[in-house]
Amino acid sequence: MEKFDKNYIIGFVLLFLMYGSYMYFYPAVPKELPATETTQEVQNSNTTTNAAASTPVVLDSAAAQAQYGSFASAVNGEAKDVVLENAELKVTISSKGGVVKEVALKNHKTYDDFDKGIDAPMVIIDESNSDIDLEIKTPSGIVNLSDLYFTVSSQSSNAAVLELKLADGKTVRHSYSLPETGYVLDYDLAFDGTAGLINNEAVNFKWENKLKRLENDLEENRKAAQVNYYETDGDFEDIGLNSTSDEAEQAESPISWFSFKQKYFTSGFVSKNEGLDNLSVSLLTPKNDTTIVKDATVSALIPISALTSGKGNFRYYFGPNTTKDLNTVADGFSQNLYLGYDIIKPINKYVFVPLFNWLEQFFTNYGFLIIVVVLIIKLTLTPLLYKSYTSSAKMKILAPEIAEIKEKVGDDSVKVQQETMKLYQQVGVSPLSGCIPMLLQMPILMSVFFLFPNMEMFRQKGFLWAKDLSTYDAPLRWATDLPIIGNHLSLFVVLMTISSLAFTYYNNQITPAQPGPVDMKKISYIFPLVFFFVLNSFPAALSFYYLVSNLVTIAQQLTVKRFIDEDKIKAVLEENKKNYATKPKKKNKFANYMQKQLQAQEEANKIKAQELKKRKNKGK
């Protein structure tokens with residue numbers, strides 16, 4: 001942060017190097033198999049799985065009694081589907097196990113259906129990719145409740161109760177309910193009078209979720225897929241973010257919830273009361289199956305006391321990563337929406353996200369929405385731009401005098417700096433006055449860099465030639481993946497780069513050359529080119545935002561220039577210079593610091609020169 005605060009150019013270099021290295025050296029995602037081959041493999045796999053599922057293994061009474069003990073009566077049966085619906089969700093629960101079998105988001109589509117124009121709800125989990133187990137310990141051994149057949153005791157359009165009735169009125173009961181709107185499924189699990197049938201030990205809840213490929217860009221999907229969990233002490237942990245390697249982790253403390261988070265959607269499980277113990281996570285990236293992003297497995301222990309005392313209250317979440325939906329689920333659950341590093345997260349959380357959500361009420365065209373956001377932000381920052389431009393005008397006026405100093409002093413860079421700082425003090429100019437406004441805008445540039453790739457708002461929303469603003473626009477494609485740039489060219493990124501180069505050229509024309517070994521004006525042209533390669537695979541919404549931002553900034557500068565009277569500024573500087581000798585000197589901490597540094601450098605140079613002179617004399 002020290003370098004970033006001193007010089008905004010160094011900050012840009014670090015930012016670009018970081019993301020350039022990230023894009024180039026990141027572990028490669030396996031190439032996609034031919035569509036026909038992949039589809040056939042998945043179909044074959046699903047056929048085998050469904051065939052096995054549809055042909056239950058029937059145990060005779062002796063074998064069932066030996067393996068399941070008091071639960072033997074529920075071993076054989078016929079699976080029935082219980083469907084619950086509200087405005088957003090369609091949830092299917094199987095009477096076999098009484099667990100969630102399938103969830104469809106009624107108002108969303110997969111990228112594939114969207115491209116083909118198919119109007120079908122997006123199935124986020126189904127029995128081919130999701131498996132929920134509840135393992136209990138009994139005197140006969142471990143019994144998986146998901147293998148047993150439950151009876152539907154009550155059902156409505158948005159609620160259902162499934163029971164496993166045992167001897168002497170003892171029951172295991174699943175209760176589900178959906179609100180009229182939203183993506184939350186409330187779930188209660190109760191053991192009534194099961195003492196003696198079930199050991200007084202924790203129940204193992206295990207959920208394997210093969211995360212489906214819901215978006216176009218497989219590589220970005222795999223980087224974004226992760227498992228998150230929230231400990232009861234308030235610590236948030238994530239596993240797998242920006243990684244395609246296999247990972248495993250064990251939580252050190254009890255947790256309140258865990259989630260399978262993908263780029264724009266999350267499936268999660270929340271404990272409302274006592275929390276879950278001994279959480280373990282496994283995250284695997286398939287090598288050949290391009291229909292699956294990652295294979296995630298989470299297991300945790302549910303305290304038996306919660307289930308026998310009526311406190312087995314839980315909650316599922318199946319929905320988009322939006323603050324308005326995530327905030328209603330549980331404490332800390334909104335952190336499933338990634339908003340960037342801690343230093344810029346508040347800008348996204350308290351400025352951009354509320355601003356976008358508010359404007360969404362008035363705009364159905366999301367390209368226009370982005371334009372309005374840029375205009376609001378730029379108008380708010382106009383005073384900073386005016387101050388920066390005024391500082392540039394002052395530096396431009398002083399450029400001839402700085403050139404005279406260089407000509408007078410010669411090659412002594414320390415002396416040049418000393419005399420330049422003295423001139424700044426005389427005319428009352430701070431060399432940082434032009435940098436500070438730019439530094440204040442840097443967090444905004446960085447915050448949108450993290451925000452747009454995670455905003456579900458732009459998913460499958462088109463603008464101009466971009467069919468989906470949440471992924472890259474690619475009017476130009478080719479078959480072979482090229483280094484860094486990939487297999488496509490984003491037109492919005494091309495236009496953004498051209499606007500950045502135009503802005504840089506215009507800026508360099510009004511900015512005087514600064515003394516130093518490196519020509520920063522030439523270096524400044526590199527940044528837009530680096531950004532071109534970094535953003536080529538980023539969402540079109542982000543590159544369009546930067547494009548509009550560049551154009552508005554150029555327009556602002558041309559407008560502000562009309563209000564800058566360079567002759568008046570020059571007169572003020574001359575007056576300051578005349579009054580410098582007589583007016584009381586104000587203490588300038590930065591100037592004093594720079595003066596001390598230059599004096600120290602001058603002393604060091606003198607000592608070095610003396611040592612060299614001594615060595616030469618000895619040599620003679």
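This passage describes the sheets, one helix, the aromatic and charge-over-ring contacts and some single residues of a predicted model. Local features were taken only where pLDDT is at least 70, side-chain atom pairs count only at pLDDT 80 or more, and totals for chains, interfaces and linings use all residues. Residues are numbered from 1 along each chain as its sequence is written, and side-chain values use heavy atoms, with hydrogens and water left out.

Helices (DSSP runs of H or I, at least four residues) and strands (runs of E, at least two) are numbered from the N terminus, and two strands are taken to pair if DSSP finds at least two bridges between them. In general, the strands of a sheet pair through backbone hydrogen bonds, either parallel or antiparallel. One open sheet contains 9 strands in the order 7-8-9-10-19-16-15-12-13, with antiparallel pairing. Its edges are formed by strand 7 (151-155) and strand 13 (236-239), each of which has a single partner strand, so one side of each is left without a neighbour in the sheet. Neighbouring strands of this sheet are turned by 15° against each other on average, direction ignored, where axes are lines fitted to C-alpha atoms and angles run from 0 to 180 degrees between N-to-C directions. At the strand 13 edge, 4 bridges connect this strand with strand 12 (residues 226-231) in an antiparallel arrangement, and Val-227 stands opposite Ile-239 of strand 13.

Another open sheet is built from 6 strands in the order 6-5-11-18-17-14, and its pairing is antiparallel. Strand 6 (141-144) and strand 14 (247-250) are its edge strands, each pairing on one side only, and the twist from one strand to the next averages 15°. Strand 5 (residues 130-138) runs antiparallel to strand 6 and is joined to it by 4 bridges, with Val-143 in strand 6 as the bridge partner of Ile-136. Ile-142, also in strand 6, is exposed at a relative accessible area of 57%, the classes being buried under 20%, exposed over 50% and partly exposed in between, for a 1.4 Å probe and protein chains only. Although Ile-142 and Tyr-68 are 74 residues apart in sequence, their C-alpha atoms are 8.1 Å apart in space.

Strand 1 (residues 81-85) is joined to strand 2 (residues 89-94) by 5 bridges in an antiparallel arrangement, and a hairpin of 3 residues links the two strands. Across this pair, Glu-85 stands opposite Lys-90 of strand 2. The side chains along strand 1 alternate, since Val-82 and Leu-84 point to one face and are buried, whereas Asp-81, Val-83 and Glu-85 point to the other face and are not buried.

Helix 11 (residues 382-409) comprises 28 residues, and at 1.5 Å a residue it should span 40 Å, which agrees with the 39 Å between its end C-alpha atoms; the expected span is 1.5 Å times one less than the number of residues. A kink of about 45° nevertheless lies at Ala-399, shortly before Pro-400, the bend being the angle between axes fitted to the seven residues ending at a position and the seven starting there. The buried residues of helix 11 include Leu-385, Tyr-389, Met-395, Leu-398 and Ile-402.

A search of the whole structure finds 39 aromatic pairs, for which rings of Phe, Tyr and Trp (its six-membered ring) must have centres within 6.5 Å, with planes under 30 degrees apart counted as stacked, over 60 as edge-to-face and the rest as tilted. Trp-207 and Phe-260 form an edge-to-face pair, with 4.9 Å between centres and 80° between the planes. This pair links distant parts of the chain, as Trp-207 in strand 11 (residues 203-212) and Phe-260 in strand 15 (residues 255-261) are 53 residues apart, and both residues are buried. Phe-532 and Phe-533 likewise form an edge-to-face pair, at 5.1 Å centre to centre and 75° between the planes; Phe-532 is buried at 14% relative accessibility, whereas Phe-533 is partly exposed at 38%.

A charge is taken to sit over a ring if NZ of Lys or CZ of Arg is within 6 Å of the ring centre and within 35 degrees of the ring normal. The charged end of Lys-461 sits over the ring of Tyr-366, 5.2 Å from its centre, and Lys-467 lies over the face of Phe-114 at 5.4 Å from the ring centre.
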